[in-house]
Amino acid sequence: MTRWLGWGRRGTAGAAIPVSLGFEGVTQRFGGVTALDDVSLKVAPGEVIALLGHSGCGKTTLLRLAAGVERPSAGRVLLEGRDVASADAFVEPEERGVGLVFQDYALFPHLSVRENVRFGLRGYSDAQADATALRAIARVGLADLAEAYPHMLSGGEQQRVALARAVAPRPGVLLMDEPFSNLDRRLRDTVRDETMALLDEIGATSIIVTHDPEDAMRIADRIVLMRQGRIVQIGTGEELYRKPVSLFAARFFCDLTEIDGTVVRGAVDTPIGRFPANGLAEGAAAVVCVRPQGVRLVPRGFCLPGRVVARRFLGEVDDLQIAVDGLDKPLTARFAQPGSVREGEDVGLDISTDEVLVFPSGDT
C-alpha cells in the first residue's frame, strides 16, 4: 500500500508556554563511572539547544536528568528557577511539564497510534484527550493511521508518532534523544526539517541530543559540545565552526589535514606555508589544521606545486588527495568543478589562511 508521506498543515499544532531550564554543577555517577562532571548550563525560554558529542559523553544522561528519569548525584536541575532535582528536592517526571522523545521511540506495541498519543494526556476528559491526540496525529501527517499499531508503521512513521505524543500536551520543555539517527539520509532530512517547523510552532524550550554536527547546526540556536562528561564549548554553529576552542572541537565540525610543527617567532613553518601561531609559546609543539575548502587549485607552475594522487567524485564536489613535497600524507581538498582534475595530474595550490587553524600539540 502506498502511503501519503506528507506532514499536516503548519500552524495547527498550538502553542506551548516555554520555560527556562537550568543545570547547576550537575554531576552524575554510576558506580565508579562519572557520566557528568560539574556541568552547568542555562537554556532560555523557547531556545533550541543541541547537545552534541560522541557516544558516552553524557548527552543522554543530561537529557534524562531534565526529564526526571534520573536524579543527579550532585548539583541541581531547575525549571523556571524552581529546583526540581537535587539533594533537597525531586519533582516527579509527570509533574514537570516536560515532553520526551526517546531514541527508540518507546511506543506501546499493544496500543494504537491514537492510544499512544493520548496516553500522556492526564486531566483531560475522554473526548478532549481524543480530540487533542487526533489533532497532534494529523499535524505529523498520520491521520489515516490513527488506528494502526506500531508494528504496522515504518521507522519514520514511528518517529512521528513519538513526536506527536510528546507535543500533544503542549509541554513547556521538549527533550529529544537522537530523534533522527534511526532514519535513512533522505528521510532524515525531511523529518528533521518538518520537526523543526513543528518546534517553531509550539515554541517550547527544546534540547535535542545528536552526534551529527550538521543536524546540530541546522536545528539549534546554540550548540553544546560535550566530551567525557564535560562541556567543551557553547555557541552558535557558526561560532563553533569558525572559532573552535580546541583541536577536538575543530575535528568535530570538519575533516582536517593536520601538520605537526614548532612555533618559531610567533608562527609555524610547514611545507605548505607559514601560519600565525595564535599566541602559542616560542618553541611549543603545534598542529596546523587545514580545512579542505581552504585548498584552492591554480594552474601548474603557480604557488605551491602538488600532484593529485586520488580523486573521489561526491556529486557537487570532487574530494582530492594531493601529494606535496615535505608532507608525510596527502593534503585533502574539495574542488567544486567535478571531473576537471584527474589522478596523476600536477597542479598548483593556494592555501587560504582563513581556513587554517593552529592548536597546541596534544590539545585534543
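**Reading backbone and helix features**

User: Tyr105 is buried, with a relative accessible area of 5%; what does buried mean?

Analyst: Buried means under 20% relative accessible area, exposed over 50%, and partly exposed in between (1.4 Å probe, protein chains only). This is a predicted model, in which local features need pLDDT of at least 70, side-chain atom pairs count only at pLDDT 80 or more, and totals for chains, interfaces and linings use all residues. Residues are numbered from 1 along each chain as its sequence is written, and side-chain values use heavy atoms, without hydrogens and water.

User: What is the phi of Tyr105, and where does this residue lie?

Analyst: Phi is near 75 degrees, a positive value in a residue other than glycine. Tyr105 belongs to the loop between β6 (98–101) and α2 (113–118); helices (H or I, at least four residues) and strands (E, at least two) are DSSP runs, numbered from the N terminus. Glu178, also not a glycine, has a positive phi of about 50 degrees. Glu178 sits in the loop between β7 (173–177) and α5 (185–202) and is buried, at a relative accessible area of 10%.

User: How are two packed helices described?

Analyst: The angle between their axes and the distance between the axes describe them. Here, the axes of α4 (residues 155–167) and α5 come within 11 Å and cross at roughly 10 degrees. Axes are lines fitted to C-alpha atoms, for helices over the stretch in contact, and angles run from 0 to 180 degrees between N-to-C directions. Therefore α4 and α5 are roughly parallel to each other (under 35 degrees; over 145 is roughly antiparallel, 65 to 115 roughly perpendicular, the rest oblique).
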